[in-house]
Amino acid sequence: MKHVGLDVSQRETSVCVVDDAGKTVFQGKARSDPGGLTELLRKRAPNPDRIGFETGAVSSWLWNELKRVGLPVVCIDARHAKAALSVRMNKSDENDARGLAELVRVGSYREVKVKSAERQATRSMLVTRSRLVGIRRDLENQVRARLKEYGLLFGRSIGSHFRRKVFEQVADGHELLPVIQPLLTIHERVCREQEKLDRQVRRLAHGDETTRRLMTVPGVGVVTALTFRHTIDDPSRFRAAAIVGAYLGLTPRRKQSCEMDINGRVSRWGDRLLRTYLYEAASVLMHRRRSGRR
């Protein structure tokens, strides 16, 4: 039985094949694309037991493509793999591939659940929307800063309402208009693109029963519910609901030794985007409760 380790880089992937006894059968390199890897593996390891590689930028794409052609691939947690590979004296792509092959041979690895291509596409859309929101917010802050230098202030507003307020402030040929006009032009384009993604988000959210159920929670809107739905993906992979908090980096760090026992801040490991949305939802919920008490 053959066991394969892949150390994936941008252009080339180091490949190591070992047998059940841990003897190296093959070690070499292939192009970092599913076609090149499949061709080499069919030749050097026709019936592998496991093919392991670490999580990374292309791990989802590579896992889905290799799985599609029937290869038994597993995606290994990069932190877990790093801890196991760090005991090796020499660091190289070949040694890392050999170490990954050993991990899958002895079964000492932590497999990561890889999202399907559909889930990954939705995830990419949510990340893109988040980036556009950040760009829009930065542009608005830049315009407000320029207006403030001239003593021009106005209340909270976003999107087209923000641009309308700005034009009201710098009307009648104000000297600041040529300076902020380029920013407002980009702001308008960003808002247009964000609105397109917002329509897609609403369509996906209302078409999914689980997402609609999540939206019944006070403080949870369309974006938060859809992000939670596609980040968690399959709830059965968690043994208990409490593990989800640790998965999202919401549990505190702990440092305990002898009489010392310190609980620190939350770990912040896991999905940053969803953690941000959950924090915002919790803030809205707390504010609503306070308003109700008043």
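Okay, let's start at a turn: a hairpin takes strand β1 into strand β2 through three residues. Before going on, this is a predicted model, where local features need pLDDT of at least 70, side-chain atom pairs count only at pLDDT 80 or more, and totals for chains, interfaces and linings use all residues. Residues are numbered from 1 along each chain as its sequence is written, and side-chain values use heavy atoms, with hydrogens and water left out.

Some bookkeeping on the strands and helices: they are DSSP runs numbered from the N terminus, with helices being H or I of at least four residues and strands being E of at least two. When I say two strands pair, DSSP finds at least two bridges between them.

So, back to β1, residues 2–8. On one side sits β2, residues 12–18, running antiparallel to β1 and joined to it by six bridges. If you want a spot to click on, V4 has V17 of β2 as its bridge partner. The other partner is β4, residues 48–54, which runs parallel to β1 with five bridges between them. There, H3 is matched with R50.

Now zoom out. What is the order of the strands in the sheet? It goes β3-β2-β1-β4-β5, an open sheet of five strands with mixed pairing. The edges are β3 (24–31) and β5 (73–76), each pairing on one side only. Neighbouring strands are turned by 20° against each other on average, direction ignored; axes here are lines fitted to C-alpha atoms, for helices over the stretch in contact, and angles run from 0 to 180 degrees between N-to-C directions. Out at β5, four bridges hold that strand parallel to β4, and I51 has V73 as its bridge partner.

Next, the helices, where contact means heavy atoms within 4.5 Å. Helix α1, residues 34–44, lies across β1, β2, β3 and β4, at about 160° to β3. Helix α4, residues 93–106, lies across β1, β2, β3, β4 and β5, running at about 140° to β1.

Why call β1 largely enclosed by the rest of the structure? Because five of its seven residues are buried, meaning under 20% relative accessible area, with exposed being over 50% and partly exposed in between (1.4 Å probe, protein chains only).

One residue to look at separately is V8, which belongs to β1. V8 is partly exposed, at 31% relative accessible area. That's it from me, happy to scroll around the model.
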